[in-house]
Amino acid sequence: MADVVIQATNLSKELTSSLLRRKVRILSGLNLQVARGETFGLIGPNGAGKTTSIKLMLGLMRPTEGAAEILGMPAGDKKALAQLGYLPENPYFYSHLTGREFLDFAGQLFGIEKKERSERAQELTKLVGLTEAADTQMRKYSKGMLQRLGIAQSLINRPQLIFWDEPMSGLDPIGRKDVRQILFHLKEKGTTIFFNSHLLPDVNEVCDRVGVMNRGQLIVQEDVKNISQGGSYKDLEDFFLEVIAKAEAGGQARS
Amino acid sequence: MTGNSGNIDGKQAGPKVFEPVWAIALNTFRETVRDRILYALILFAAIVTVLGIVLGSLSVGQDIRILKDIGLAAISFIGGIIAVFAGTNLVYKEVERRTIYLIFTKPVSGWQFVLGKYIGLCLCVAVMVAAMGAFLIFVITAASGSAGFAEQLRQMGQELALIYLELLFVTALATFFSTFSTPVMSVLFTLAIWLAGHLGDSLFELGKLTQNPVISQFLSVIFYCLPDFAGLTRIRGHLLYGTVPGIEVLTYLVTYVFAYVLMLLVLAAIVTERKEYT
Ligand SMILES: Nc1ncnc2c1ncn2[C@@H]1O[C@H](COP(=O)(O)OP(=O)(O)OP(=O)(O)O)[C@@H](O)[C@H]1O
Ligand SMILES: [Mg+2]
């Protein structure tokens, strides 16, 4: 691939459970490449290792084995971080700040000039539909409003690459549609998008490629086009259920 | 390129490295100042001071010195409570609430985070000490008449500065513990060390009393490792009687406290940088 933006090589993570001192492998041998401008959707059952993969790519966690390279730099490199946006799963912010104050804070962490910061905050609160709540303290935000602010803060530095962990969770149908539109808009501008979600119709609509993860392993990668047009599956959900069922059956046969 | 890059090129120019520090400091300051508990504490300090006046004027007539003593003790105590309780939660809360994810996935280093948190809390403590100090000065002036106001102000300023110097140390201690320990444990550690610093020479005496060479060695090591807060309190005592301590003593203390604070913050930054956020 010409311009690889995300490169994971044998990325693996073990955690030691403190009680039994037993090692638990929560991600094993992830090999993945995402090209510039591509939209990649990671799907999989709860606990499959999707969030773990993102945290390793951002450098929040360190791999037990293997490595991740982001924009050609090691995971967690400050220069790479300056150019990407991250939406955590169930984002929690400072309840004492207003939405606008938080966006300003996020902008400051990137070293963006004051005037620029306030312009972007204005623009982003509008984009995610928080204009009216921008000056309300976040303790009074609903779950969906926090999610919207999370999306806004992940775009404050105009990133060329975004990692979104379940961007649609907690959103009403209008919010979900807004997020799809934001994703399309970012795609148009050439932003590379890596996200995970349980909402398969949304994934189907916006992604170029999907990866299915199960029990810490990436078991399939496929172009969304091939799934929908191949004829063997009714839709992405059908594909997903079948792939997981097959993996589980195989796993049982082995053990 | 995508054509949507901002004005960030990933390089941090000279003064730019302090931008995140300042942002985090301001955020911490806001968080602490917007906490209602703070105002309850300040109210408490005001009540103690006023009570001090009432008692003072009843028992010893117009003895301003007692009033000052009580007032300054109250300020030192309340400032200490803020430093210990806010400080021990400082880093811990960010990890617990996962707000730290939002910071360390942006181009921010461990030292910038720790320094920002520390400065923010120190600013808050400074404002509190100044506010309570201003109230005390007002009360004392009201009680003693405006004669010698300038002198009064100078003396109180020096006292408050020394109190603040001590609180800078306590805040750093609390910040350090909060990077790896739960708030309850951090409070215990911080208070223990703070108290030990106040024992000063008594640690020596205690060591001799035990007649056990191991314990006595141990206690004297502790004595040499900790800032001599008993010394600081002695200086404050002298100040109350109008004796200004020698410049060498002050320089020594200030340097010592700052070096100690710096060391604690460096350690805290290393811990924060090495930690994994699962
Ligand atoms: N801090 C942790 N301590 C122990 N186990 C953990 C920790 N974090 C994650 N795990 C385990 O790692 C596995 C993968 O978790 P992860 O959060 O990556 O799943 P996920 O695919 O994001 O799931 P979901 O769809 O529910 O968000 C799970 O089995 C989980 O129990
Ligand atoms: Mg997850």
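How many nonpolar, polar and charged residues are in the lining of the largest cavity, by class? Keep that in mind as you click through this predicted model.

**Stop 1: the largest cavity**

Select A:Val128, A:Arg148, A:Ile151, A:Leu171, A:Gly175, A:Asp178, A:Val179 and A:Ile182, and you have the lining of the largest cavity. By class, that comes to 5 nonpolar, 1 polar and 2 charged residues. The space they enclose has a volume of about 40 Å³.

Now colour chain A by helix. Helix H5 (143-153) and helix H6 (173-188) each supply at least two residues of this lining, and H6(A) gives the most, with 4 residues. Next, try colouring by domain: domain 1 (1-81 + 159-255) and domain 2 (84-158) of chain A both give residues to the lining, so the largest cavity lies between them.

**Stop 2: the second largest cavity**

A search of the whole structure finds 2 cavities of 30 Å³ or more, so there is one more to visit. Keep chain B switched on for this one. Select A:Leu84, A:Gly85, A:Tyr86, A:Phe110, A:Gln153 and A:Ser154, then add B:Thr105 and B:Lys106 to finish the lining of the second largest cavity. About 30 Å³ of space lies inside the second largest cavity. Strand S6 (residues 84-87) of chain A provides the largest share of its lining, 3 residues. The class split here is 3 nonpolar, 4 polar and 1 charged.

**Stop 3: ligand 1**

Centre the view on ligand 1. There are 14 residues around it, and A:Gly47, A:Lys50, A:Thr51, A:Thr52 and A:Glu89 come nearest. Which chains surround ligand 1? Residues from chains A and B do, so the site is shared between chains.

Show side chains and check some distances:

- A:Lys50: an N or O atom of its side chain is 2.7 Å from an oxygen atom of ligand 1.
- A:Thr52: a polar side-chain atom lies 2.6 Å from an oxygen atom of ligand 1.
- B:Thr278: an N or O atom of its side chain is 3.3 Å from a nitrogen atom of ligand 1.

On its own, ligand 1 has 630 Å² of accessible area, and the protein covers 63% of that. If you highlight helix H1 (residues 50-58) of chain A, you'll have the element that gives the most to the shell around ligand 1, with 3 residues. Sorted by class, the shell has 4 nonpolar, 7 polar and 3 charged residues.

**Stop 4: the largest pocket**

Head over to chain B and pick B:Glu31, B:Thr32, B:Asp35, B:Ala86 and B:Lys93. The largest pocket has a volume of about 620 Å³, and of its 26 lining residues these five are the closest to its centre. Helix H1 (18-33), helix H2 (36-59) and helix H3 (64-96) of chain B each bring at least two residues to the lining. H3(B) makes the largest contribution, 8 residues. The whole lining divides into 11 nonpolar, 6 polar and 9 charged.

**Stop 5: the second largest pocket**

Leave H3(B) highlighted, as it gives the most to the lining of the second largest pocket too, with 9 residues. This pocket has a volume of about 340 Å³. Select B:Ala73, B:Ser76, B:Phe77, B:Trp194 and B:His198, which lie nearest its centre among the 19 lining residues. Besides H3, the elements giving two or more residues are helix H6 (149-178), helix H7 (183-199) and helix H10 (229-240) of chain B. By class, the lining of the second largest pocket has 10 nonpolar, 5 polar and 4 charged residues.

Conventions: Residues numbered from 1 in each chain as written. Chains lettered and ligands numbered in written order. Predicted model: local features only at pLDDT ≥ 70, side-chain atom pairs only at ≥ 80, totals over all residues. Heavy atoms only, no water. 1 Å grid on protein atoms, 1.4 Å probe; cavity = no way out; pocket = protein on both sides within 12 Å on 5 of 7 lines; lining within 4 Å. Points joined across faces, edges and corners; volume = space filled by probe spheres on them. Nonpolar A, V, L, I, M, F, W, Y, C, P; charged D, E, K, R; others polar. Domains from an automatic or database assignment. Near = heavy atom within 4 Å. Polar contact = N/O pair within 3.5 Å; in protein donor to acceptor, adjacent residues only side chain to side chain. Areas by Shrake-Rupley, 256 points an atom, 1.4 Å probe, with all protein chains shown as cover.
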